[in-house]
Amino acid sequence: MLRYSGSFVPTENMIKEIEYCEMCLKLCENSFLELNNQERFKIPINDRQVMEQIKRAQSVSEVEEITRANSLLDEMYNKRLLKYLLMDFCIYVGQSISNIKQFNPQIAFCLARKPFCETLCYLEKMLINPEETVKLVFSDNAQNKDIDNKNNKGINSKETYHAVLKILGAEDLKESIYDMRYEKNIPSIRAIGDRASHIATSGKGIKVESGELNFIFIEDNVIGDFTKLYCKILPLLMYYVVCVVKHLFNKLLGKEIDLKEFNKTTDEFFGKYYDK
């Protein structure tokens, strides 16, 4: 396997920025593991009529249809969707961070695009309305699940984002997190991810220029510039994700995640190491 052998050396601040991201990722992974350990639980049925319908059911799918129609599985579906969204997020981000540590920013940004522009989008929607999010996942129309589909009630709209900020009590973040993810020009995750994953033929700031094919001429100066960008963008995004997960746990599980040490480390990190 090819390994980086150039002269670019990360600064102490960049190393601390990646370490902070890894700490945030670990918190998300622990949240996934806790949900995974709760996979099996009993569903109480207090309605005698529903119980009779289930007894008369001829198949497992019919039982599921009855339980879904009577909202008996809402809690289970909410927890399972949260669990698998977290798993998806952690796998992609873990591999993304691994690649930035190997000085492969083009791959790191490719891998960061899905978790921050799509998976996180669904976590945000769950925070606002978990039942509606589950229904969307069960939709037979794949277009409804497209984050850019204007008919899907703004999965990745600024209105959704601002509603999440209000829940988090983080209105001071304003447009920063949204722009870091969706801005059409570099340095957003989406713009760089698009440029890194294919030959971009349109889009201001990302389309392939004369004499290049996106990221194939990746020498030390390019590696250095995009590694620095990654280290600037990711810590704030990871902080935001931890806050979203904390509130989701409180909403769906009625449980508080202890973030005292995390908050202490965060204050120190952003005050001392984060390059603004």
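**Exercise 1. Helix α5 against helix α10**

Task: In this predicted model, find the handedness of the crossing where α5 passes α10. Then decide whether α5 is roughly parallel or oblique to α10.

Solution.
- Step 1. Look at the crossing. α5 passes α10 in a left-handed crossing.
- Step 2. Take the axes. Those of α5 (residues 105-128) and α10 come within 10 Å and cross at roughly 20°.
- Step 3. Apply the cut-off. Angles under 35 degrees count as roughly parallel. Therefore α5 is roughly parallel to α10.
- Step 4. Sort the contact by class. Between α5 and α10 there are 22 nonpolar, two polar and two charged residues.

**Exercise 2. Helix α5 against helix α9**

Task: Describe how α5 and α9 pack, giving the angle and the distance between the axes. Which residues of α5 meet α9?

Solution.
- Step 1. Locate the partner. Helix α9 covers residues 189-197.
- Step 2. Read the geometry. The angle is about 130°, and the axes of α5 and α9 lie 8 Å apart.
- Step 3. Classify the angle. It falls outside the ranges for parallel, antiparallel and perpendicular, so it belongs with the rest. That makes α5 oblique to α9.
- Step 4. Note the handedness. Here α5 passes α9 in a left-handed crossing.
- Step 5. List the residues. From α5 come Q106, F109, C110, A112, R113, F116 and C117. They meet I189, R190, I192, G193, D194, A196 and S197 of α9.
- Step 6. Sort them. The contact of α5 with α9 has eight nonpolar, three polar and three charged residues.

**Exercise 3. The core**

Task: How many residues does the largest nonpolar core have, and which have the most contacts inside it? Then follow F116 outward.

Solution.
- Step 1. Count. The largest nonpolar core has 77 residues.
- Step 2. Name the best connected. L82, F116, M238 and Y240 have the most contacts inside this core.
- Step 3. Find the main contributor. Helix α10 (residues 220-253) supplies the largest share of the core, 21 residues.
- Step 4. Trace F116. Leaving aside neighbours within four places in sequence, F116 contacts F89, V93, R181, Y182, I189, L234, L237, M238 and V241.
- Step 5. Place this in context. Nonpolar side chains tend to be buried together in soluble globular proteins.

**Exercise 4. F89**

Task: Is F89 buried or exposed? Which residues does F89 touch?

Solution.
- Step 1. Place the residue. F89 sits in helix α4.
- Step 2. Check accessibility. The relative value for F89 is 0%, and under 20% means buried, so F89 is buried.
- Step 3. List the contacts. Beyond four places in sequence, F89 touches C28, P115, F116, T119, M238 and V241.
- Step 4. Compare chain and space. F89 and E118 are 29 residues apart along the chain, and their C-alpha atoms are separated by 9.4 Å.

**Exercise 5. Positive phi in two loops**

Task: Where are F103 and K174 found? Is F103 buried or exposed, and is K174 buried or exposed?

Solution.
- Step 1. Start with F103. Phi of F103 is near 60°, positive in a residue other than glycine.
- Step 2. Place F103. The loop between α4 (74-101) and α5 holds F103.
- Step 3. Test F103. F103 has a relative accessible area of 18%, so F103 is buried.
- Step 4. Turn to K174. Phi of K174 is positive, about 50°, although K174 is not a glycine.
- Step 5. Place K174. The loop between α7 (158-168) and α8 (176-182) holds K174.
- Step 6. Test K174. K174 has a relative accessible area of 58%, so K174 is exposed.

Note on methods:
Residues numbered from 1 in each chain as written. Predicted model: local features only at pLDDT ≥ 70, side-chain atom pairs only at ≥ 80, totals over all residues. Heavy atoms only, no water. Core = buried A, V, L, I, M, F, W, Y, C linked by side-chain atoms within 4.5 Å. Buried < 20%, exposed > 50% of the residue type's maximum accessible area, 1.4 Å probe, protein only. Helix = DSSP H or I, 4+ residues; strand = E, 2+ residues; numbered from the N terminus. Contact = heavy atoms within 4.5 Å. Axes fitted to C-alpha atoms, helices over the stretch in contact; angles between N-to-C directions. Parallel < 35°, antiparallel > 145°, perpendicular 65-115°, else oblique. Left-handed = near helix turned anticlockwise from the far one by under 90°. Nonpolar A, V, L, I, M, F, W, Y, C, P; charged D, E, K, R; others polar.
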